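Subject: Structure handover

Hello,

Here is the structure I said I would pass on. My notes on it follow below.

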Amino acid sequence: MGRFRLRISGTSPLAAMPWNLLAFGIFVMFGVAGAVMPTAAIAGPGGESQTAGGFSHVAAILKKNCLGCHNGTAKMGGLVMDSYATLMKGGAHGAVILPGKESQSLMILRLEGKVQPRMPFGGEPLSAADIKAIEDWIHTGAKGPAAGEATIAPSEPNIPNIKPQVPVTSPITSLAYSPDGKILAVGGYQKVELKATDTGKVLATLTGHVDYVRSLAFSPDGKWLAAAGGLPARQGEIKMWDVAARQLLRTLNGHTDCIYSVAVSPDGKLLASGSYDKTIILWDAATGKDLKTLRDHIDAVFGVAFSPDGKWLASGSQDRTVKIWSVATGERLYTLGNPSDSVTSIAFRPGSNQLAAAGFDKTIWVWNLAPDAGTLAQSLIADEDAILQIAYTPDGKRLITTSSDFSVSVRDADSLNPVAVFDKQPDWVEALSISPDGKWLAAGRYNGTLSIYNLQDYQEVGSPEVAFQTHPPAARVKQTASR
Ligand code: HEC
């Protein structure tokens with residue numbers, strides 16, 4: 001989840017670059033950081049002193065104006081500003097701050113527009129006072145935060161996790177119904193809740209995940225659950241849980257960036273993970289061994305799915321393509337290049353060789369797949385804004401899309417026309433799952449709320465609830481389940 005990146009349009013060469021601004025980058029930094037992290041680590045009004053010339057004042061300026069594009073996920077220009085250390089490390093052109101030499105520091109040159117593009121990119125230049133504050137700080141040695149002084153953003157995952165002061169919520173980043181329909185797994189920040197679908201009660205909380213759980217997949221027999229995520233710019237993580245015992249079976253680490261999508265083969269023997277690092281890994285589910293790394297995408301992989309017969313794996317990427325792979329050999333069979341922007345989600349139509357994909361071009365693409373080629377069966381500019389998620393009902397008759405235009409649409413899978421729309425969603429529906437009997441649609445939102453819709457009468461069941469009321473207590477036991 002949280003996988004969506006905007007592109008900017010325009011005439012500069014930059015216009016062609018993927019624009020990692022949106023979703024998790026921004027959200028984690030501005031939306032969630034304030035909530036899940038100790039307030040003491042965040043520069044802001046209230047807390048710490050912000051003496052001019054000191055780091056905390058500079059940190060506050062950078063946090064407000066720059067961090068959205070220069071964080072561990074977005075990393076524009078290779079520059080990450082979420083800590084003093086990464087800031088000083090610099091970007092694609094090396095150090096951006098030369099202590100004592102403000103007029104030669106790339107940061108100042110960019111802020112003043114002496115080196116183009118001017119920063120903040122595409123936005124209003126900083127005020128003269130703010131630029132001066134940064135200049136003064138560089139002039140006096142660009143010193144780091146003193147003990148207790150504010151840092152830019154608390155992103156270093158190894159820093160001890162200080163308990164939040166108030167109950168906070170996490171966005172819902174993934175959802176999956178168990179094959180028997182009795183459990184709904186809900187993924188969020190560092191944990192997964194298993195909810196009973198009849199009572200709505202939380203049966204267990206699975207903890208110990210390093211970051212957001214961005215994708216969930218049950219084994220076909222429902223015995224285990226794969227929960228995938230990982231640390232942005234570091235590594236992917238899949239935790240496999242014994243569902244009945246609520247016990248961790250094993251942790252699979254691989255990739256050099258987080259995983260956005262995990263899928264289980266129809267025979268339950270393989271796992272596939274698609275990562276921001278542009279690769280896909282096929283794993284042996286029984287041993288956790290990585291069997292093959294599939295490389296051919298030239299940008300982040302946001303969706304992976306096995307064909308119903310298990311012979312093919314499909315992958316959808318920010319590189320605007322969908323690729324079809326042979327599961328047996330790991331070979332790329334062919335590429336579907338119709339989308340004109342990032343592909344955020346893909347789904348096989350049950351009982352068929354049809355594959356649907358959607359993403360930032362607002363279009364649903366459906367292909368008929370053959371062993372050596374795919375032919376476009378259908379396409380429709382479906383929503384007013386980027387499509388976030390797509391899923392077929394188990395009978396293959398309906399296709400559900402969620403969009404950043406704040407709608408969820410239930411569509412006829414043949415015509416793609418909506419048969420029902422749940423519009424005016426209070427926030428983006430980033431997580432979606434349909435119960436195995438096709439009766440219920442679970443929709444999880446960025447703002448942490450979960451809604452269940454009845455797919456027979458298209459009514460919402462009850463009202464939205466906040467899935468993660470509070471964060472785990474301070475004595476968080478790693479990798480164990482608590483009831
Ligand atoms: C909307 C996104 C965005 C915002 C906001 C933004 N930047 Fe950038 N920044 C970029 C992009 C894109 C690049 C890469 C530009 C290029 O290719 O030269 C970049 C590059 C840079 C670089 C050069 C890194 C290098 O080594 O090449 C510096 C320094 C920089 N930004 C500073 C800032 C500062 C300071 C702010 C806040 C005042 C800021 N940026 C806000 C998008 C942004």
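I start with one residue, L109. Leaving aside its neighbours within four places in sequence, L109 is in contact with K114 and V115. The residue itself belongs to helix 4. Is L109 buried or exposed? Neither label fits, because L109 has 17 other C-beta atoms within 10 Å and so counts as partly exposed; the cut-off for buried is 20 or more. M119 lies 10 residues away from L109 in sequence, and the C-alpha atoms of the two are 9.0 Å apart in space.

Please keep in mind that this is a predicted model.

The ligand

Helix 4, which spans residues 106-112, gives the most to the shell around the ligand, namely four residues. In total, 27 residues surround the ligand, and C66, C69, G77, G91 and F121 come nearest. Sorted by class, this shell holds 16 nonpolar residues, 10 polar ones and one charged one.

The chain as a whole

What is the chain built from, in helices and strands? There are five helices and 30 strands. The chain has 483 residues, of which 50% count as buried. Among the contacts in the chain with a separation of 6 or more, 48% are between residues 24 or more positions apart.

Helix 2

Helix 2 runs from residue 55 to residue 65 and is mostly covered, with 10 of its 11 residues buried. Those buried residues include F55, H57, V58, I61, L62 and N65. Part of the cover over them comes from helix 3 (84-89) and helix 5 (128-139).

Nonpolar cores

The largest nonpolar core has 98 residues, and the members that touch the most others are L175, A185, A226, A227 and A356. Strand 6 (residues 202-218) gives the most to this core, with six residues. Apart from it lies another core, of 28 residues, which includes A60, M81, L111 and M119. Two of these names have come up in other places: A60 is one of the buried residues of helix 2, and M119 is the residue set against L109 above. Back in the largest core, A185 is in contact with L175, A176, V192, L194, L216 and L225, leaving aside its neighbours within four places in sequence. As a general remark, nonpolar side chains tend to be buried together in soluble globular proteins.

Strand 20 and its partners

Strand 20 covers residues 363-369. It is largely enclosed by the rest of the structure, because six of its seven residues are buried. Which strands pair with strand 20? One is strand 19 (residues 354-359), joined to strand 20 by five bridges and running antiparallel to it. Across this pair, A358 has I364 in strand 20 as its bridge partner. Strands 19 and 20 form a hairpin with three residues between the strands, and K362 in this hairpin takes a positive phi near 65 degrees. The other is strand 21 (residues 374-381), which is antiparallel to strand 20 and joined to it by seven bridges. Here N368 has T375 in strand 21 as its bridge partner. Strand 20 and strand 21 also form a hairpin, with four residues between them.

Two open sheets

Further along the chain, strands 22, 23, 24 and 25 form an open sheet in that order, with antiparallel pairing. At its edges are strand 22 (387-392) and strand 25 (418-422), each of which pairs on one side only. From one strand to the next, the twist averages 15 degrees. Strand 24 (residues 407-412) runs antiparallel to strand 25, and four bridges join them. In this pair R411 stands opposite P418 of strand 25.

Another open sheet has four strands in the order 26-27-28-29, again paired antiparallel. Its edge strands are strand 26 (429-434) and strand 29 (460-466), and each pairs on one side only. Direction ignored, neighbouring strands of this sheet are turned by 15 degrees against each other on average. Within the sheet, strand 27 (residues 440-445) and strand 28 (residues 449-454) pair in the antiparallel sense over five bridges. A442 stands opposite I452 of strand 28.

Regards

Key:
Residues numbered from 1 in each chain as written. Predicted model: local features only at pLDDT ≥ 70, side-chain atom pairs only at ≥ 80, totals over all residues. Near = placed C-beta within 6 Å. Nonpolar A, V, L, I, M, F, W, Y, C, P; charged D, E, K, R; others polar. Buried ≥ 20, exposed ≤ 12 C-beta atoms within 10 Å, placed from the backbone. Contact = placed C-beta atoms within 7 Å. Pairing = 2+ DSSP bridges. Axes fitted to C-alpha atoms, helices over the stretch in contact; angles between N-to-C directions. Core = buried A, V, L, I, M, F, W, Y, C linked by C-beta atoms within 7 Å.
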